[in-house]
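Visitor: Please take me through the pockets of this protein. I would like a close look at what lines them, and then at the backbone around them.

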Amino acid sequence: METSELTLRNGLVVTPSGVLRGGIAVSGGVITHVGADATLPRGDEDVDVGGKVIFPGVIDPHCHLGVGDGHGPEKLESDFVTESRDAAAGGITTLISTTVFGTESRVWAVEDGIRRGTGNSQVDFRFNVVMTLREHCAEVAELTQRLGCRSFKFFTGYNGAQAASFGMLPEGVVWDFFWEACEAIAAGHPRAFPMIHAEEPNARNMLNDRMRTTGRTDYLQSWHEASPNILEPIQIYPAALIAHEHGCPLYVVHVSAWESVELIRDFHARGWDVVGETLGAFLYWTAAEGDAKGLGAYGKIQPPIRGPRDRDELWRGVNDGTITLIGTDCQQYTIESQQGDFWDARVGLGPLMGTLLPSCVTAGLKAGRCSLDTLARTLAENTARRFDLYPQKGVLQVGSDADVVVLDPNASRPAKASELHSISGYTIYEDEELYGWPELVYVRGTLVSKDGAIVSEKPIGRYVPA
């Protein structure tokens, strides 16, 4: 009689072809069966999930381990220890960290990151490589072909001291540098791509200086007005032209403005490969709601949380395929570091991996804005496809890694920083009633989290090259 190491049954399985009633079977860390309960083998561990949703493990395409107090390699290692626990408990089974800053060799930095993640991460991981100097273009071939990297980040929205803090030149990423980088990326691998933080910095800096002297206390709305919507598409358009000229996709991180969604939709109509990623926080909050909640510096991010029209258009983009990925853009700041004057506080929404899935279930599925199928595509499958991890990751189908989340989308509880695993000590969702908290989380068939507690004996996360 056929058996499996693990069988999950009596659930609603979210597969690439739709939601089916039944379950999955797993052996050797890989899914061996997907189907009705009667078709599943008996498992050595046989779990009746009681009609709950069996969802693909979430892939976060955009987080920042190693950033914040003590920024650097040692902080990266400690963040792998703590923040991967937050990720696992939140249903993220693979994270892609935008970590490799500074001026040193990109190859060395990725190899060092692999060493620091291995044995410390509860979930599988990959890196987005930050390109800070022209010299890094010469390393693209080795990064793509030997180390399996596909994504190269450009902070086009930064200049001056902010750029220098990342190891960039004060002028930031100028277009001739981006041109040369796209040449190298296109030559390195046909599925490699540049990523941009689109937010024109000169106008933003000028408007920021004006706004901080007004004395306004609606901080997030003021922050939104200090970086108006049009600053995002101003940079998306030339970057898309250059990337398309070289035959490589353009990936726009944390899309926030309705104008940007429309522009990306127009590119798609032309047949151009321009990728729109947004953040779970942008799909949940508006600036006015954040001010009413008193988020203050906890809600300060570049680009900013914006208005209702922006949120509505982002959700429309999620549903029509214009916005194809959702990430966190989280950083592990301490609660103490985000106190004091709003305008002097660092940008970044703090820890978010533990709340990404429930915040999207709440703002999307429970609010009637999207379906389970759409959430699975934008939180898992599309990310796996774009980062060259499909079909190993991102889907519940035979032959794929058994990265699995069991959740009840109708059960809720308030978010509490004290119940999350991040070292930061705060969350922008404090006391928000969120639905769909993960109950069981498996990484390659191994149970790593149960009801928010980490239960694996040791971290099993590994580097997953393309």
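Guide: Here is a walk through the two pockets, followed by some loops and one helix. Keep in mind that this is a predicted model.

Start with the largest pocket. Its volume is about 630 Å³. The lining holds 33 residues, and those closest to the centre are Tyr 158, Gln 162, Phe 166, Gln 302 and Val 347. By type, the lining splits into 11 nonpolar, 14 polar and eight charged residues. Which helix gives the largest share of this lining? Helix 6 does, with four residues. Strand 6 (58-64) is also a contributor, and like helix 6 (201-211) supplies at least two residues.

Stay with Gln 302, one of the residues closest to the centre of that pocket. The peptide bond from Gln 302 to Pro 303 is cis, with omega near -15°. Most peptide bonds are trans. Pro 303 sits in the loop that runs between helix 11 (287-293) and helix 12. Helix 12 covers residues 308-320, and Pro 308 belongs to it. Pro 308 has a relative accessible area of 51%, so it counts as exposed; the cut-off is over 50%. In sequence, Pro 308 and Trp 258 are 50 residues apart, yet their C-alpha atoms are 9.7 Å apart in space.

Now the second largest pocket. About 230 Å³ of space lies there. Its lining has 17 residues, with Gly 72, Pro 73, Thr 99, Phe 101 and Glu 104 nearest the centre. Eight of the lining residues are nonpolar, seven are polar and two are charged. Helix 2 gives the most, four residues. Helix 1 (73-89) and strand 7 (92-100) each supply at least two.

Follow helix 2 (106-117) onward and you enter the loop that leads to strand 8 (124-130), where Asn 120 lies. A polar atom of the Asn 120 side chain is 2.8 Å from the backbone oxygen of Arg 116. Beyond its sequence neighbours within four places, Asn 120 is in contact with Glu 77, Phe 80, Val 81, Ser 84 and Pro 459.

Next, helix 8 (residues 231-245). Does its length agree or disagree with what 1.5 Å a residue predicts? Its 15 residues should span 21 Å, and the end C-alpha atoms are 23 Å apart, which agrees. Its buried residues include Leu 231, Ile 236, Ala 239 and Ile 242. Glu 232 and Gln 235 are also among the buried residues. Helix 6, which helps to line the largest pocket, is part of what covers them. The cover also includes helix 5 (175-188), helix 9 (258-270) and strand 12 (274-279). Just after helix 8, Gly 247 takes a positive phi of about 75°.

Most residues other than glycine have a negative phi. Two aspartates in this model have a positive one. Asp 329 has phi near 55° and lies in the loop between strand 13 (323-327) and strand 14 (330-331). Asp 451 has phi of about 50° and lies in the loop between strand 19 (446-450) and strand 20 (453-454). Which is buried and which is exposed? Asp 329 is buried, at 4% relative accessible area. Asp 451 is exposed, at 55%.

One more cis bond completes the tour. It joins Tyr 390 and Pro 391, with omega about 5°. Pro 391 is in the loop between helix 14 (372-386) and strand 15 (404-407).

Notes
Residues numbered from 1 in each chain as written. Predicted model: local features only at pLDDT ≥ 70, side-chain atom pairs only at ≥ 80, totals over all residues. Heavy atoms only, no water. Polar contact = N/O pair within 3.5 Å; in protein donor to acceptor, adjacent residues only side chain to side chain. Contact = heavy atoms within 4.5 Å. 1 Å grid on protein atoms, 1.4 Å probe; cavity = no way out; pocket = protein on both sides within 12 Å on 5 of 7 lines; lining within 4 Å. Points joined across faces, edges and corners; volume = space filled by probe spheres on them. Nonpolar A, V, L, I, M, F, W, Y, C, P; charged D, E, K, R; others polar. Buried < 20%, exposed > 50% of the residue type's maximum accessible area, 1.4 Å probe, protein only. Expected span 1.5 Å × (residues − 1).
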